[in-house]
Amino acid sequence: MHNPEEIFQKKVDKEIRIEPKDWMPEQYRKTLIRQISQHAHSEIVGMLPEGNWITKAPSLRRKATLIAKVQDEAGHGLYLYSAAETLGISRDEMIHQLHVGKAKYSSIFNYPTPTWADMGAIGWLVDGAAIMNQVPLCRASYGPYSRAMIRICKEESFHQRQGFEILLTLSKGSAAQRDMCQDAINRWWWPSVMMFGPNDDASPNTAQSMKWKIKRFTNDELRQRFIDICAEQVKILGMTLPDPLLKWNEERGHYDFGPIDWDEFWNVVNGNGPCNKERLEARVSAHEEGAWVREAALAYANKKSKQPATPGGGEEAMRSQTKAA
Amino acid sequence: MKMILFRKYYYGDLPDNQKGAQHSSPTEGTQEGAGTWPLWEVFIRSKQGLDHKHVGSLHAADAKMAIENARDVYTRRQEGVSIWVVESKSIHASNPDDAENFFEPANDKVYRHPTFYDLPDELKHM
């Protein structure tokens, strides 16, 4: 008999997915809970900067697509919470950790959205960076996480395309609209580049996560790929990325780019970004003000369950075709 | 050598202590617990003629709400024509630690597969 950790690692090495009831190292479980819940929180908090523009969208078409996108984000949060719950943490506990500031969410959502062009820049850059991160997670070793990510990635590409379309429209507009477009790109570029997390040499957990096949690529690998793609896409907009050192490097086959302001990154992570307080307050008040609805629904369900069942309802309903046969 | 085996008896995909309306956090104490909407497993038939397939779970106060929430969470892009929801606590599952023994009886019965039988190539339609 081998030790369970060896058996576990062998399965992971052979690309056999780990399922909820399988034995797993406690640190694997903890890492996944932290990563998946943080991801879920990011989806939920991520609704706030965009929700800001639903009532102010410039056309019905834009309004409908923005609502659909924000609704998807709610859905993505729910897929992920449900995946995290299979690891033995309750939904309440995760939400509690978010509300008391113990659990993090992606720092990008602590930046404000003052103009309509921000909806475009978020779709193109923020969702673009998210997709870059998320596609490899579809092959994560933990089954429920991987399945949630597959579903999310299928839906995410519409988000990025609608964002780019917003910017493309602005880029062909008046001088004021073009300025607005460039301004949004300027504000969102560096925070998006930071979304991939600290440099590899400052990311001590990466090696373990890669061994466990939770992560497939390092932060810097994904960041480079993102920058290479955006540096080309921005040309279609006729705009520029706010990095004077951005330059194609023939030898490396990649774009070189300027230094990242990690002080800003850590400052926002640690709660001092422009909107940290506002975002968290919005979440907490939505939760608290909705408490009576949750209680009322439960009271109603309890009352109903004490009444006699209505004919044709309940578990018989799904089998009714056999009775007819 | 002494070895410690972790053994967690979960039903379906969820830890036992987390399935009904009443639960406490397995990681640490929290202020809530009772009064939480129960958890439901969601199964979706993507089109007529196919089986319902497990897609995930969600919280809802009752079955009607679970079905409506499942529509919003899991079928925003016409992924389904029918939804089943089952309260997670009603699902019982085999134990993965016993999987080897449990499924062992099928291992040495290759004669249950048509390819086991050695027949001439001239034999058609079989």
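A residue counts as buried when its relative accessible area is under 20%, and as exposed when that area is over 50%. With those cut-offs, the helices of chain A can be read in this predicted model.

Helix H11 of chain A spans residues 262–272, and its buried residues are Trp262(A), Phe265(A), Val268(A) and Val269(A). These four cover an arc of only 125 degrees around the helix axis, so they lie on the same side of H11(A). On the face turned away from that buried side, H11(A) carries the exposed residues Asp263(A), Asn270(A) and Asn272(A). What do the buried residues of H11(A) pack against? Their partners are three helices of chain A: H8 (175–194), H10 (219–237) and H12 (276–289).

Helix H8(A) also packs with helix H7 of chain A, residues 143–171. The axes of H7(A) and H8(A) are 7 Å apart, and the angle between the helices is about 140 degrees. H7(A) is therefore oblique to H8(A), since only angles over 145 degrees count as roughly antiparallel. On the H7(A) side the contact is made by Leu167(A), Leu170(A) and Ser171(A), and on the H8(A) side by Gln177(A), Arg178(A), Cys181(A) and Ile185(A). By type, the residues of this contact divide into four nonpolar, two polar and one charged.

A charged residue can be followed in another helix of chain A. Asp127(A) is found in helix H6, which runs over residues 117–137. Is Asp127(A) buried or exposed? Its relative accessible area is 6%, so Asp127(A) is buried. Leaving aside residues up to four places away in sequence, Asp127(A) touches Lys69(A), Glu73(A), Ile122(A), Glu156(A), His159(A) and Gln160(A).

Chain B offers a sheet to look at. Three of its strands form an open sheet in the order E4-E3-E5, with antiparallel pairing. Strands E4 (52–59) and E5 (82–87) of chain B stand at the edges; each has a single partner strand, so one side of each is left without a neighbour in the sheet. From one strand to the next, the twist averages 25 degrees. Strand E3 of chain B, residues 39–45, pairs with E5(B) in the antiparallel sense over six bridges. Within this part of the sheet, Glu41(B) stands opposite Val86(B) of E5(B).

Which strands does helix H1 of chain B lie across? Helix H1(B), residues 63–74, lies across E3, E4 and E5 of chain B, and runs at about 110 degrees to E4(B).

Conventions. Residues are numbered from 1 along each chain as its sequence is written. Chains are lettered from A and ligands numbered from 1 in the order in which they are written. This is a predicted model: local features need pLDDT of at least 70, side-chain atom pairs count only at pLDDT 80 or more; totals for chains, interfaces and linings use all residues. Side-chain values use heavy atoms; hydrogens and water are left out. Two strands pair if DSSP finds at least two bridges between them. Helices (H or I, at least four residues) and strands (E, at least two) are DSSP runs, numbered from the N terminus. Axes are lines fitted to C-alpha atoms, for helices over the stretch in contact, and angles run from 0 to 180 degrees between N-to-C directions. Contact means heavy atoms within 4.5 Å. Buried means under 20% relative accessible area, exposed over 50%, partly exposed in between (1.4 Å probe, protein chains only). The arc is that of the directions from the helix axis to the C-beta atoms. Angles under 35 degrees count as roughly parallel, over 145 as roughly antiparallel, 65 to 115 as roughly perpendicular and the rest as oblique. Ala, Val, Leu, Ile, Met, Phe, Trp, Tyr, Cys and Pro count as nonpolar, Asp, Glu, Lys and Arg as charged, and the others, Gly among them, as polar.
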